[in-house]
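Please open the structure in the viewer and keep the sequence at hand. The tour below proposes a series of selections and describes what each one shows.

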Amino acid sequence: MTFRHFFTLSATLCLLGVASASHAQEWPQRPIRLIVPFAVGGNTDGIARVTAERLTNALGQSVVVENRPGANGMIAAQLVQRAPSDGYTLLVAAMPVIAILPRISSVPYDPIKDFVPVTNLGSNPFVLGVNKNVPAKNVKDFVEMVKAAPGKYNFASGGSGSVSHLSGALFQKRAGLDMMHINYKGDAPAMAGLIGGEVTMYFGNFSALAPQAKSGAIHLIGVSSEKRSPQFPDVPTIAESYPGFRTETWNGLMAPAGTPRAIVERIAREVQKIAKDPVYIERMTNFGVEIVADTPEHFAQTIKTDIDVWSDAVKAANLKVE
C-alpha cells in the first residue's frame with residue numbers, strides 16, 4: 001500500500017467515525033418506538049412502559065410503547081427486523097422470542113444476525129415449587145424421593161415449549177429423573193394444578209409462586225438463577241445441588257442489524273443511568289425483575305449463552321422444529 005493510499009484510507013475511516021459520532025449527537029429527532037411482542041398488561045409490557053417513561057425524559061423525545069402480540073412474539077420480531085436501522089424502532093426482546101422460539105419453530109428472522117443487542121433491562125429467575133403435601137424440603141431430598149419411585153411423579157407446564165416446560169425437562173435431565181410432563185393451557189391452570197395436588201412440581205415466576213408459598217399452599221425448594229434471590233434468601237439455588245444449572249428469562253432492548261454503534265451505546269448508557277433511580281428500581285422489583293442494564297457486549301454474550309442453554313433444554317424435552 002502506498003503512502004497516498006494509506007493516507008486516503010485513514011482519512012476515510014476518520015470521516016466515518018466523525019459521521020457516526022455526529023449521527024449519535026443528532027439522534028433522536030423524532031419519537032422512538034419500543035415494540036413489545038406481547039399484549040398489554042404482562043411483565044414485558046410493564047417493564048417496557050416503566051423504561052419508556054424514563055427514556056423519554058433522558059432523551060428529550062417521546063419513547064412510545066407499541067404492543068404487537070401474535071405468533072409467540074414472531075410478529076413483533078419481524079417488524080423490527082424489517083425496520084430502518086436508524087435507532088427509531090427497538091424490540092423489547094423477551095428471552096423466549098430470541099433463544100427458544102427459533103429452536104422449536106421455523107421463524108423468518110435470525111436472532112443473532114438480524115438484531116443488535118443494546119442492553120439487558122433485567123432478568124427473572126424461576127422458582128421450583130412443589131405441592132404442599134410433598135415431604136421433601138429441598139432439592140436433594142426431592143430428587144431422592146422421585147428416584148425412589150420412577151414414573152410416579154409428574155411436573156406441570158404452561159404449554160409445550162414454554163419456559164416452565166423446558167426448565168422442568170432440563171432439571172429432569174440434570175438430576176436423572178423419570179417424571180411425566182402434564183401440559184396445561186397456560187401458567188394459571190398449571191399453578192392451580194400444583195396447588196390442587198394434580199401435579200408434584202412446577203417451575204414458575206416468582207410473582208406467581210411467591211404469594212402461594214407465603215400462604216402455605218405450596219413449598220419453594222429451589223431457584224433457577226446462579227445466585228440466591230434477595231426476595232427468598234433462604235431458598236437455595238438448584239445450582240448448589242447441580243453446578244451450572246441456570247434457567248432465567250430476561251427482557252432487553254435490541255435494534256435492527258446495522259444500527260449505528262454510537263446510537264446503540266447511547267441508549268445503553270441512558271438505561272444504565274436510569275437503572276440507578278430508586279423509583280425505577282422499586283417499580284422493576286415489583287415485576288420480580290433483577291435489574292441488569294449491561295453493555296451491548298455483555299448482553300450479546302448472555303444471548304449466545306442462553307441459546308445454548310435452551311437448545312439443550314429443547315433436546316431434553318424431545319421437541320422438534322415445527
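Select β4, β9 and α11 (296–316): each supplies at least two residues of the lining of the second largest pocket. This is a predicted model. The largest share of that lining, 5 residues, comes from α11. The volume of the second largest pocket is about 360 Å³. Its lining comprises 16 residues, and Ser-123, Glu-226, Arg-246, Glu-248 and His-298 are the closest to the centre. By class, the lining of the second largest pocket divides into 2 nonpolar, 7 polar and 7 charged residues.

Proceed next to the largest pocket, whose volume is about 1000 Å³. To find its centre, select Phe-38, Pro-96, Ser-162, Val-163 and Asp-187, which lie nearest to it among the 44 lining residues. Which elements should then be coloured? At least two lining residues of the largest pocket are supplied by each of α2 (43–59), α4 (95–104), β4 (115–131), α6, α7 (187–196), β7 (201–205), α8 (206–215) and β9. The largest share, 5 residues, comes from α4. The lining of the largest pocket has 22 nonpolar, 19 polar and 3 charged residues.

Now display strand β5 (residues 154–157) together with strand β6 (residues 180–183). The two strands pair in the parallel sense, over 4 bridges. From β5 the chain passes through helix α6 (residues 163–175) to reach β6, in a right-handed β-α-β crossover. For one bridge in detail, select Ala-156, whose partner in β6 is Ile-182.

Continue to Gly-87, in the loop between α3 (74–81) and β3 (89–94). Is Gly-87 buried or exposed? Gly-87 is buried, because its relative accessible area is 0%, and buried means under 20%. Show its surroundings: beyond its neighbours within four places in sequence, Gly-87 is in contact with Trp-27, Ile-32, Thr-259 and Ile-263. A distance may also be displayed from Gly-87 to Ser-62, which is 25 residues apart from it along the chain; their C-alpha atoms are separated by 13 Å.

The last stop is Ser-229, placed in the loop between β8 (218–223) and β9 (248–256). Ser-229 has a relative accessible area of 1% and is therefore buried. Add Phe-206 and Glu-290 to the selection, as Ser-229 touches both of these residues, not counting those up to four places away in sequence.

Terms used. Residues numbered from 1 in each chain as written. Predicted model: local features only at pLDDT ≥ 70, side-chain atom pairs only at ≥ 80, totals over all residues. Heavy atoms only, no water. Pairing = 2+ DSSP bridges. Right-handed = clockwise from strand over helix to strand, strands pointing away. Buried < 20%, exposed > 50% of the residue type's maximum accessible area, 1.4 Å probe, protein only. Contact = heavy atoms within 4.5 Å. 1 Å grid on protein atoms, 1.4 Å probe; cavity = no way out; pocket = protein on both sides within 12 Å on 5 of 7 lines; lining within 4 Å. Points joined across faces, edges and corners; volume = space filled by probe spheres on them. Nonpolar A, V, L, I, M, F, W, Y, C, P; charged D, E, K, R; others polar.
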